[in-house]
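Please find below a colleague's note on the model, set out as numbered points. The ligand site is treated before the domain arrangement.

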Amino acid sequence: MHDFSYKNGELYCEGVAVNAVANRVGTPFYLYSSNTLTSHYRAFQSAFEGVPHLICFALKANPNGALLRLLGKEGAGADIVSGGELFRALRAGIDPKKIVYAGVGKRRDEIEYALKVGILMCNVESGEELLAIDRSASEMRVRAGIALRVNPDIDAGTHAYISTGLKKNKFGIPIEQALEYYQTARKLHNVEVIGVHQHIGSQITEVKPFVDAIERLVQFVGELKAEGIDIKFINMGGGLGITYKDETPPHPRELSQAIQPLLKQSGCTLVLEPGRAIAGNAGILVTRALYHKDSEVKKFLIVDAGMNDLMRPSLYEAYHDIKPVVEPASADHTVVDVVGPICESGDFLAKDREMPEVKPGDLLAVMGAGAYGFSMASNYNSRPRVAEVVVKGNEFFTVRERETYDDLIKGEKLPRWLVG
Ligand SMILES: *Cc1c(COP(=O)(O)O)cnc(C)c1O
C-alpha cells in the first residue's frame, strides 16, 4: 500500500502534486508520504496486538528526523547500529528503553554512550564485544542489558549482499555455539542477559524463513531456560520485503499468524526491527530528464539523479519502478538505460527498461525509494545531497534542505604551509 497515485494524469503524493513540489524545491529530491509511513507502522502494530511486542524501526533504512519523530509518536522504538543513530533516535524523542543496538563493530565510546543513556539492550555479535560491554559497564557502575545475536544459518533467499543469517556472513554467533556464550555472559557481573536476537536478511518475501528461524530461536530459548537462563525478549530482527516490481511479500498479519503460536509458548516479549517494510514504499526519488543519447547498441536516458543519490541499483542491481510524473499521451515505449551524471559506468537507475517517451525536462518518479535511499546517499562527484520533503494531506514540508556547495567543504581546513 502507498499514497502515490495518478489523478487526472498527474502523479500525486497524498493530496499534493509531485510537480508542485518540484517547482518549489528543484530536482532531484526525496518525497515521503507521512500517511504511508504511519499506515505501515500501524499494520505491524495491529498485526502483533495479540502478543507482548515492541516495534523498533531500523534507523538505517531512513534516519530523517521528521520521519523518526512521526514514528516515535506512534509508539515506535529504534533499532540502531551506531552512535550517530543513537543520537538521532534520542533527538527524535524516542525513549531509550525502546532502543536496541546491533552491529559487529561497536566502538568503546559508542558502548559508553548507549550505557549512559540507558538503552534497552545491546545485541552482542561476538565474545570479545561481550567482554568489552561488561568492562565498560563495570567502569560506569551500571548493568548492561544484552541479547546475543545468534546466527540460525537460514537462507532467506535474498541477494547475497543483503543475506545475513548464513554461516559465511559476518553477523551473529553460530547457534551451535550460542549456549556456551550465554553461559559466559551469565557469569559476567555487569551484564544482564535479557534477550536473544537474530536478523536473517532483508527483502524477504516469504513467511517460511521467518518461521524456520523463530522455531530455532524458541527452541533455543527453551534450552537456555533448562540451564536456568531466563530470556525475556525474543528479537526476530527485520527483513520483511516490499513490492519493488512484482514481488508479493506477506502482510505483517500473515507473518504474525504464522509465528504467534510459537511465541506464545515461549512467554517472551517479541521485538521486531522492520526498516524497509515501513519506509520503503513511503518514499520516491524525483528526478528530471536531461538528455537522450543513442549509440548503436544502447539508448540512454540521462537524468539529474545518480548513484550518489540512490545507490541501490548500482550496489545490489536492485529494481526500482520509474514512472513519469505526467502520464504520457502516447502508448509508445522504448527500451533505455536510465543513467545519472556520475562518472562511473555503474551509475544507473535502470537497465534495459521499457519506458514511455520521455522528453528532456520531464519529471520522473523512482518508486520505492523511501528505505536505503537517502540514508545511503553520498557526496560522490561533489554533488550536494538532495532535499527531503514530507507530505501530509494537502501540505508539504521540506524536512531536510538541499545541501549547498558550502556544505560540501564543511570541516575542511588548509595546513598553514599551504596558505598565502
Ligand atoms: C538492516 C537491519 C534491519 C532492518 O532490515 P530491513 O530489511 O530494512 O527490515 C533490522 N535489524 C538489523 C539488525 C539490521 O541490520
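Which residues are the closest to the ligand, and how many surround it?

1. The model under review is predicted. In this model, 15 residues surround the ligand. The closest of these are Lys-60, Ser-202, Glu-273, Arg-276 and Tyr-372.

2. Several polar distances describe how the ligand is placed. Ser-202, listed among the closest residues, has a side-chain N or O atom 2.2 Å from an oxygen atom of the ligand. The backbone also takes part: a polar backbone atom of Gly-239 is 2.8 Å from a ligand oxygen. For His-199, the distance between an N or O atom of the side chain and a nitrogen atom of the ligand is 3.4 Å.

3. The protein chain is divided into two parts: domain 1 comprises 4-31 + 280-408, and domain 2 comprises 34-276. Their C-alpha centres are separated by 32 Å. To the contact, domain 1 contributes 22 residues and domain 2 contributes 21 residues.

4. The area buried between domain 1 and domain 2 is about 1900 Å², with 54% of it on carbon and sulfur atoms. Ten residue pairs are in polar contact between the two domains, both residues being at pLDDT 80 or more, whereas the count of salt bridges is zero.

5. On the side of domain 1 that touches domain 2, the elements giving two or more residues are α11 (312-316), β20 (387-392) and β21 (395-400). The largest share, four residues, comes from β20. By class, this side of domain 1 holds nine nonpolar, seven polar and six charged residues.

Definitions and conventions: Residues are numbered from 1 along each chain as its sequence is written. This is a predicted model: local features need pLDDT of at least 70, side-chain atom pairs count only at pLDDT 80 or more; totals for chains, interfaces and linings use all residues. Side-chain values use heavy atoms; hydrogens and water are left out. Domain bounds come from an automatic or database domain assignment. Contact means heavy atoms within 4.5 Å. Buried area is the accessible area (1.4 Å probe) that two parts lose on being put together, summed over both. A salt bridge is a side-chain nitrogen of Lys or Arg within 4 Å of a carboxyl oxygen of Asp or Glu. A polar contact is a pair of N or O atoms within 3.5 Å; within protein, one must be able to donate a hydrogen and the other to accept it, and residues adjacent in sequence count only if both atoms are side-chain atoms. Ala, Val, Leu, Ile, Met, Phe, Trp, Tyr, Cys and Pro count as nonpolar, Asp, Glu, Lys and Arg as charged, and the others, Gly among them, as polar. A residue is near a molecule or strand if one of its heavy atoms lies within 4 Å of it.
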